[in-house]
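The following exercises ask the reader to work through a protein model. Please consult the sequence and the coordinates while attempting each one.

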Amino acid sequence: MMHRPGILTASLGAGALCAVLALACSSGRGGVNASPATQLPPVTAQQLRTPDMFARITSRPERSRALFLEASRVMLHPRCTNCHPAGDTPAQGEHGLAHDPPVLRGAQDQGVPGLECTSCHQDKNLAHARVPGAPKWHLAPRSMAWVGVTPRALCEQLKDRQRNGDKSLEQLIEHSAHDELVGWGWKPGWDRVPAPGTQEQFGALIAAWAKDGAECPDEEARP
C-alpha cells in the first residue's frame with residue numbers, strides 16, 4: 001500500500017510505527033515526546049507520570065526536557081492559565097472565558113480599589129456560592145503570562161528571574177510543591193476539573209527537571 005510521504009514522516013516522528021499504533025488508542029492521555037527507545041507509559045488526562053518513569057531515558061538532557069513537558073501539562077491546564085493571562089482580565093472555566101463579573105488586574109495584580117480579588121475570593125472555596133478560593137488569591141504578573149505559549153517558551157520564562165518573580169530554581173521547586181494558591185489547582189471545588197496528578201507529584205517533576213539540568217524542550221515539542 002502506498003503512503004503519502006508527509007503522513008508517514010509525521011507518524012514516525014514520535015517513534016517507531018509500532019509504538020505509534022500501540023499508543024493510538026490512548027490519544028488525549030498526556031503523551032510525552034520521546035525517542036523511539038524511550039517511549040513512556042501512557043497515563044490518563046488526570047494522571048501525571050512520576051519522575052521514576054523517566055529513568056529509562058538515559059540521556060540526561062533528553063530526560064530533563066521530557067520531565068518539563070510532563071510538568072507543563074499542569075502549567076498549561078485551565079486551572080493555571082486562567083490566572084496567568086497576558087491581558088488585564090482573568091479567565092474562568094475550562095475554555096478560558098472572560099471573568100464574570102468583569103474585573104481588572106489592577107496595579108498590584110490583586111484587582112482595583114473597591115473590587116480587589118479577595119473581595120470575593122476568600123481563603124477557601126465557597127461551596128454554596130461556587131466561588132473558588134485560596135490564600136492570597138491574585139493574578140500572576142503579565143511577565144508570567146502562560147496563555148498560548150509553547151512548553152519551550154514557558155520553560156525559558158520560568159528560568160528567567162526577570163520574568164519568574166525573581167525566583168531561583170530552588171525557590172521554584174518550593175513554590176511548585178508547597179504554595180497554597182498553586183495547590184488550589186488540585187482542589188478547585190464545585191464541578192471544576194482539577195489539574196493532572198497532585199501538587200506533590202508536580203513539585204517532584206519540577207525538582208527532577210532542575211536536577212537534570214533544567215533543559216528546555218524543542219520549540220515543536222508538546223506534552
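Five exercises with worked solutions follow, and the model they treat is a predicted one.

**Exercise 1. Overall architecture**

Determine the secondary structure content of the protein chain and the order of its elements.

Solution. Begin with the count: the protein chain contains eight helices and four strands. Next, place them along the sequence, where the pattern is α-α-α-α-β-β-β-β-α-α-α-α. Then consider burial: of the 223 residues, 39% are buried. Finally, turn to contacts between residues at least 6 apart in sequence; 57% of these join residues at least 24 apart.

**Exercise 2. The packing of H3 and H5**

Describe how the axes of helix H3 and helix H5 are arranged, and identify the residues that meet.

Solution. Two packed helices are described by the angle between their axes and the distance between the axes. For H3 (residues 60-75) and H5 (residues 151-159), the axes come within 10 Å and cross at roughly 90°. Angles of 65 to 115 degrees count as roughly perpendicular, so H3 is roughly perpendicular to H5. The H3 side of the contact consists of Phe-68, Leu-69, Ser-72 and Met-75, which meet Pro-151, Leu-154, Cys-155 and Leu-158 of H5. Sorted by class, this contact has seven nonpolar residues, one polar residue and no charged residues.

**Exercise 3. Cysteine pairing**

Establish which cysteines form a disulfide, and explain why Cys-83 is not bonded to Cys-117.

Solution. A disulfide is a covalent bond between the sulfur atoms of two cysteines. The structure holds one disulfide, and its partners are Cys-155 and Cys-216, with an S to S distance of 2.1 Å. The angle about the S-S bond is -80°, and the link is left-handed. Cys-155 belongs to helix H5 and Cys-216 to the segment after helix H8 (199-211), so the disulfide ties together parts 61 residues apart in sequence. Both Cys-155 and Cys-216 are buried.

Now examine Cys-83. The closest cysteine sulfur to that of Cys-83 is in Cys-117, at 8.0 Å, which is too far for a bond; the cut-off for a disulfide is 2.5 Å. Cys-83 is buried, at 19% relative accessible area. Cys-120 is likewise in no disulfide, the nearest cysteine sulfur being that of Cys-117 at 9.2 Å. The relative accessibility of Cys-120 is 42%, so Cys-120 counts as partly exposed.

**Exercise 4. The nonpolar cores**

Identify the residues with the most contacts inside the largest nonpolar core, and the elements that give two or more residues to this core.

Solution. In soluble globular proteins, nonpolar side chains tend to be buried together. Here the largest nonpolar core has 28 residues, and Met-75, Phe-202 and Trp-209 have the most contacts inside it. H3, H5 and H8 are the elements that give two or more residues to this core. A second, separate core has six residues, among them Ala-134, Trp-137, Leu-139 and Trp-184.

As a further step, consider the surroundings of Trp-209. Leaving aside residues up to four places away in sequence, Trp-209 touches Ser-64, Leu-67, Phe-68, Cys-155, Lys-159, Leu-169, Ala-214 and Glu-215.

**Exercise 5. The setting of Gly-96**

Locate Gly-96 and decide whether Gly-96 is buried, partly exposed or exposed.

Solution. Gly-96 is placed in the loop between strand E1 (91-92) and strand E2 (97-98). With a relative accessibility of 42%, Gly-96 counts as partly exposed. Beyond residues up to four places away in sequence, Gly-96 touches Asn-82 and Ala-91. Gly-96 also lies 6.9 Å from Pro-78, C-alpha to C-alpha, at a sequence separation of 18 residues.

Definitions and conventions: Residues numbered from 1 in each chain as written. Predicted model: local features only at pLDDT ≥ 70, side-chain atom pairs only at ≥ 80, totals over all residues. Heavy atoms only, no water. Axes fitted to C-alpha atoms, helices over the stretch in contact; angles between N-to-C directions. Parallel < 35°, antiparallel > 145°, perpendicular 65-115°, else oblique. Contact = heavy atoms within 4.5 Å. Nonpolar A, V, L, I, M, F, W, Y, C, P; charged D, E, K, R; others polar. Buried < 20%, exposed > 50% of the residue type's maximum accessible area, 1.4 Å probe, protein only. Core = buried A, V, L, I, M, F, W, Y, C linked by side-chain atoms within 4.5 Å.
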